Amino acid sequence: MSAIETTKNGDGTYTIRYFGKDAGYFAKANSPAFTVDRYRWVSVHGMIGYAYSKAQARKDIIGAYH
């Protein structure tokens with residue numbers, strides 16, 4: 001078992017788990033104003049943010065979890 005696990009959900013969102021507990025969620029953010037891919041994330045503690053990659057979304061969620 002890895003300390004950080006990413007699971008793709010059926011609705012296209014992703015769940016990030018830290019040592020088996022949900023840490024947050026992210027999904028691709030769609031907007032005509034975005035010229036590059038962006039991901040919107042939310043931590044289980046209520047922090048919300050944007051990232052330019054899945055890897056960055058995971059890092060931001062884990063950073064917000066602590």
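## Exercises on K21 and the fold

**Exercise 1.** In this predicted model, K21 touches I16 and Y65 once residues up to four places away in sequence are set aside. Determine which strand holds K21, and whether K21 counts as buried or exposed.

*Solution.* Begin with the secondary structure, where K21 is found in strand β3, a strand that covers residues 21-29. Next take the relative accessibility of K21, which is 56%. Since the exposed class begins over 50%, K21 counts as exposed because of this value. For a distance along the chain, consider R38, which is 17 residues away from K21 and whose C-alpha atom is separated from that of K21 by 25 Å.

**Exercise 2.** Describe the order of helix and strands in the protein chain, and work out why the chain can be called as compact as a globular protein of its length.

*Solution.* Counting the elements gives 5 strands and 1 helix, and reading along the sequence gives the pattern β-β-β-β-β-α. The radius of gyration is 12 Å, and the globule rule gives 11 Å for 66 residues; the two values are close, so the chain is as compact as a globular protein of that length. Along the principal axes, the C-alpha atoms fill a box of roughly 40 × 25 × 15 Å.

**Exercise 3.** Find what share of the residues counts as buried and how many side chains are positive and negative.

*Solution.* Of the 66 residues, 26% count as buried, while the accessible surface comes to about 4,300 Å², with 53% belonging to carbon and sulfur atoms. For the charges, there are 9 positive and 5 negative side chains, and the centres of these two sets lie 3 Å apart.

Conventions. Residues numbered from 1 in each chain as written. Predicted model: local features only at pLDDT ≥ 70, side-chain atom pairs only at ≥ 80, totals over all residues. Heavy atoms only, no water. Helix = DSSP H or I, 4+ residues; strand = E, 2+ residues; numbered from the N terminus. Rg over C-alpha atoms; globule rule 2.2 N^0.38 Å. Buried < 20%, exposed > 50% of the residue type's maximum accessible area, 1.4 Å probe, protein only. Areas by Shrake-Rupley, 256 points an atom, 1.4 Å probe, with all protein chains shown as cover. Lys, Arg positive; Asp, Glu negative; His and termini not counted. Charge placed at Lys NZ, Arg CZ, Asp CG, Glu CD. Contact = heavy atoms within 4.5 Å.
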